[in-house]
Amino acid sequence: MSFAKLPGHTNIQLRRGDHVTNDATTTAVETGEYADVNGINLYYETHGSGRPIILLHGGLMSGEMFGPVLPALAEQHQVITVDLQGHGRTADIDRPIDIRLMADDIVALIDHLGLEKPDVVGYSLGGGVALFTAVKHPEKVRKLVCAAAHVRRDAIPAEMLAQQAQVNAAAAEFMKDTPMYELYQRVAPRPEDFGRLLDKVGESMSKDFDVSEEVRTLQVPTLIVAADADMAPPSHYVEIFNLLDGGLRDGGWMGEGRPQGGHALAVLPGLTHYNLGTSPLFAAVTLDFLDPGGES
């Protein structure tokens, strides 16, 4: 799926394995852990308590991108943020950056932690990983939230495809002033691998794909989330909802015309692909979908 720019960053220096959330009044440090699963040493952090949510970040980011929305998500849930292959504090391994393979990592982590059907929430690249976690292993997932992730490469405009074609190791020098580079240099086990990550992400984005048929097979209640000015137009996310039998008829007074699988669509106003994942609106619609009526 797509990748995005990191919405913000901090100049606080961290020890590897530590995570800092900082606002005007409080600073909290939480120590993450590593799970040796599926051939990868996967970094994750656990926040809060309650029914578990696995939270997956966008490309060239890490789990700490969700800092602005973690307090809301973790108020009544155990939120497990994961650094995906080659991102953040998880070192790369000898395989492509592929959402299907990373989905297997998440399933292995679910088993490693002994979680009973967690909700899986993913943004951008993480949305694609979350999608395939639910597609390949529906028995492991209670509900799915797939945010800012398009399901056909040609759904995004040609100028964006041209920008993605420039993502490779040669771009590393030009990215040294970006939050993505700063994050990687600060937390990655091998900071010198940034160019390698760019090569792999660029190669992944260069491949044509259409996973519409896989979307049709989803067996778990799914919320599709998009910004009203996302990387793909709102009509594309309506198309995804249509694949799930949504938006094809009047919903009815009692909701009898809604999709039978419990699927839903949220197009969030005033947002873009790059700030959706840190928006309070994203947290609000996610929690409303996962916990209708405020029950958790």
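Start with helix α3 and which of its residues are buried: Leu125, Gly126, Gly127, Gly128, Val129, Ala130, Leu131, Phe132, Thr133, Ala134 and Val135. Please keep in mind that this is a predicted model. The helix covers residues 125–136, and 11 of its 12 residues are buried, so to speak of it as mostly covered is fair under a cut-off of 20% relative accessible area.

What covers the buried residues of α3? The elements around them include two strands that come before α3 in the numbering I will use here, β5 at 51–56 and β7 at 119–123. Strand β8 is also among them, as are the helices α2, 99–113, and α7, 212–216.

On length, α3 reaches 17 Å from its first C-alpha to its last. That is close to the 16 Å expected at 1.5 Å a residue.

β8 takes us to the next part. This strand, residues 144–147, pairs with β9 in the parallel sense, over 4 bridges. One of the pairs is Leu144 with its bridge partner in β9, Thr222.

Now β9 itself, residues 222–229. Is this strand mostly buried or mostly exposed? Mostly covered: 6 of its 8 residues are buried.

β9 also pairs with β10, residues 264–272. These two run parallel and are joined by 6 bridges. Here Leu223 has Ala264 as its bridge partner in β10.

Between these strands comes the last item, helix α8, residues 234–243. Together, β9, α8 and β10 make a β-α-β unit, and the unit is right-handed.

Note on methods
Residues are numbered from 1 along each chain as its sequence is written. This is a predicted model: local features need pLDDT of at least 70, side-chain atom pairs count only at pLDDT 80 or more; totals for chains, interfaces and linings use all residues. Side-chain values use heavy atoms; hydrogens and water are left out. Buried means under 20% relative accessible area, exposed over 50%, partly exposed in between (1.4 Å probe, protein chains only). Two strands pair if DSSP finds at least two bridges between them. A crossover is right-handed if, with the strands pointing away from the viewer, the path from the first strand over the helix to the second runs clockwise. The expected span of a helix is 1.5 Å times one less than its number of residues. Contact means heavy atoms within 4.5 Å.
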